[in-house]
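Got a minute to go through a fold together? Have a look at the sequence and the model first.

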Amino acid sequence: PTITSAGPLKVLEATVFSTDGFPYDGSAPMTIPPDKSTIRVTPDGLDRPISFEFSVQADGVEPGQMLVIHNNEDASGTPNNLQHASGAVRDIWPGVAATYFYLGTRWVQTGWICDKAPGDFCTDSLNPGVTIPGGHSAP
């Protein structure tokens with residue numbers, strides 16, 4: 001269903017934005033579908049950065065739309081960064097969750113955090129000496 005609010009919207013229960021996945025074969029940049037609000041990239045067993053690109057308004061993205069991308073590639077023996085095809089946003093390291101909003105002309109990254117427990121680290125797969133502690137947002 002579609003919910004349109006002309007005023008404050010109060011949600012009294014847990015809200016799930018999107019839960020279904022989609023396959024990606026790695027042959028071209030992965031295009032984030034315009035109807036998804038949460039993307040979780042799972043291990044694919046390949047040792048190479050994963051290129052992605054955002055859908056745009058012409059694809060059905062709405063101004064004000066929110067998107068969260070979680071790179072769960074660190075759950076395998078081949079952790080890889082997610083890299084925007086044009087380099088427009090910061091790489092999403094393995095174990096990092098990044099938040100974006102579509103502002104009508106482009107996606108803007110508003111958050112980037114290592115989703116690991118305290119004492120654990122997220123590592124830049126392209127620069128293995130660069131790490132960030134769990135719960136932090138800057139190396």
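Here are a few questions and answers on the sheet, a loop residue and a surface patch.

This is a predicted model, where local features need pLDDT of at least 70, side-chain atom pairs count only at pLDDT 80 or more, and totals for chains, interfaces and linings use all residues. Residues are numbered from 1 along each chain as its sequence is written, and side-chain values use heavy atoms, with hydrogens and water left out.

Q: Which strands stand at the edges of the open sheet, each with a single partner strand?
A: Four strands line up as β2-β4-β6-β7, with mixed pairing. Strands are DSSP runs of E, at least two residues, numbered from the N terminus, and two of them pair if DSSP finds at least two bridges between them. One side of each edge strand lacks a neighbour in the sheet, because each has a single partner: these are β2 (38-41) and β7 (107-114).

Q: Which residue in β4 is the bridge partner of T38?
A: Strands of a sheet pair through backbone hydrogen bonds, either parallel or antiparallel. β2 and β4 run parallel, joined by four bridges. In β4, T38 is matched with V68.

Q: Is T78 buried or exposed?
A: T78 sits in the loop between β4 (66-71) and β5 (82-84). Leaving out residues up to four places away in sequence, T78 touches G45, L46, D47 and E73 (contact means heavy atoms within 4.5 Å). Buried means under 20% relative accessible area, with a 1.4 Å probe and protein chains only. T78 has 17% relative accessibility, so it counts as buried.

Note on methods: Buried means under 20% relative accessible area, exposed over 50%, partly exposed in between (1.4 Å probe, protein chains only).
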